[in-house]
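Colleague: Hi, do you have a few minutes to walk me through this model? I'd like to go through it piece by piece.

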Amino acid sequence: MFNQLIAENRVLFAEKFASWQEAVAAAAEPLVRDGAIDASYIDAMIDSILTHGPYIVIAPNVAMPHAQGGNSGVHQTAISFMRVKEPVAFSDSPEHAAQLLFVLASIDSENHLQMLQALVEAISEEGFLEALATVESIDELNRLLKN
């Protein structure tokens, strides 16, 4: 199910980032590149995190940057994925650090909820997130998904 949600051209692998803002922008770049979102959506995600805090860290080591569904910078409902070797700190608390970033962009609230539910189902298999945190290439990701 994971590979049905996230296309290979929307998957990134990185070493580390100087700030969470840089990480969010990098994780969203594939969506900008293929026209799913405008760069303004990246700004909206960053503003939302600055306003509401690290609410996007939804589980240990997992962050889902997004802005309100129906944001004007979104042209299609889409997800990108980035695995960062060195965890990204979204606050001073260790519980707000994540290596796995799933950028969510949706054209409206209904699509946002459906996409979120599908993503949660895809990643909820026991041990999947731990294994995902260790992949370093598309080939490794594909091998993980086949198992």
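Colleague: What follows α3, and is its phi positive or negative?

Modeller: Gly53 comes right after α3, and its phi is positive, near 85°. Before we go on, this is a predicted model, where local features need pLDDT of at least 70, side-chain atom pairs count only at pLDDT 80 or more, and totals for chains, interfaces and linings use all residues. Residues are numbered from 1 along each chain as its sequence is written, and side-chain values use heavy atoms, with hydrogens and water left out.

Colleague: Thanks. How are helices and strands assigned here?

Modeller: They are DSSP runs numbered from the N terminus: H or I over at least four residues for helices, E over at least two for strands.

Colleague: Back to α3, then. How many residues does α3 have, and how far does α3 reach?

Modeller: α3 has 14 residues and spans 20 Å from its first C-alpha to its last, close to the 20 Å expected at 1.5 Å a residue. The expected span is 1.5 Å times one less than the number of residues in the helix.

Colleague: Which residues of α3 are buried?

Modeller: Tyr41, Ile42, Ala44, Met45, Ile46, Ser48 and Ile49. Buried means under 20% relative accessible area, exposed over 50%, and partly exposed in between, with a 1.4 Å probe and protein chains only.

Colleague: Why might buried positions recur three or four places apart in a helix?

Modeller: An α-helix has 3.6 residues a turn, so residues three or four places apart point the same way.

Colleague: What covers the buried residues of α3?

Modeller: The cover includes α2 and β5. Met45 is a good example to click on: leaving aside residues up to four places away in sequence, Met45 touches Val24, Ala28, Pro65, His66, Ala67 and Val103. Contact means heavy atoms within 4.5 Å.

Colleague: Which residues have the most contacts inside the largest nonpolar core?

Modeller: Ile37, Met45, Phe90 and Leu101, in a core of 29 residues. The elements giving two or more residues to this core are α2, α3, β4 and β5. There is also a second, separate core of 18 residues, and among its members are Ile79, Phe102, Leu104 and Leu144. A nonpolar core here is a set of buried Ala, Val, Leu, Ile, Met, Phe, Trp, Tyr and Cys residues joined through side-chain atoms within 4.5 Å.

Colleague: Switching to the sheet: what is the order of the strands?

Modeller: The order is β1-β4-β5-β3-β2, an open sheet of five strands with mixed pairing. β1 and β2 (57–59) stand at the edges with a single partner strand each, so one side of each has no neighbour in the sheet. On average, neighbouring strands are turned by 25° against each other, direction ignored.

Colleague: How many bridges join β3 to β5, and how many join β4 and β5?

Modeller: β3 (residues 61–63) runs parallel to β5 with three bridges, and β4 pairs with β5 in the antiparallel sense over eight. Two strands pair if DSSP finds at least two bridges between them. In β5, Leu100 is the bridge partner of Val62, and Ala98 is the bridge partner of Val88. β2 and β3 run antiparallel, joined by two bridges.

Colleague: Why is β5 largely enclosed?

Modeller: Nine of the nine residues of β5 (residues 97–105) are buried, so the rest of the structure largely encloses this strand.

Colleague: Which strands does α4 lie across?

Modeller: Helix α4 (residues 109–123) lies across β4 and β5, at about 140° to β5. α2 lies across β1, β4 and β5, at about 150° to β4. Axes are lines fitted to C-alpha atoms, for helices over the stretch in contact, and angles run from 0 to 180 degrees between N-to-C directions.

Colleague: Now electrostatics. How many salt bridges are there?

Modeller: Two, taking a side-chain nitrogen of Lys or Arg within 4 Å of a carboxyl oxygen of Asp or Glu. One joins Asp34 and Arg10 at 2.7 Å, N to O. That pair is 24 residues apart, with Asp34 in the loop between α2 (20–33) and α3 (39–52) and Arg10 in the loop between α1 (2–5) and β1 (11–14).

Colleague: Are those two buried or exposed?

Modeller: Asp34 is partly exposed at 30% relative accessible area, while Arg10 is buried at 11%.

Colleague: And which side chains form a salt bridge at 3.4 Å?

Modeller: Glu136 and Lys85. Glu136 is in the loop between α5 (128–132) and α6 (138–146), and Lys85 is in strand β4 (residues 78–89), 51 residues apart.
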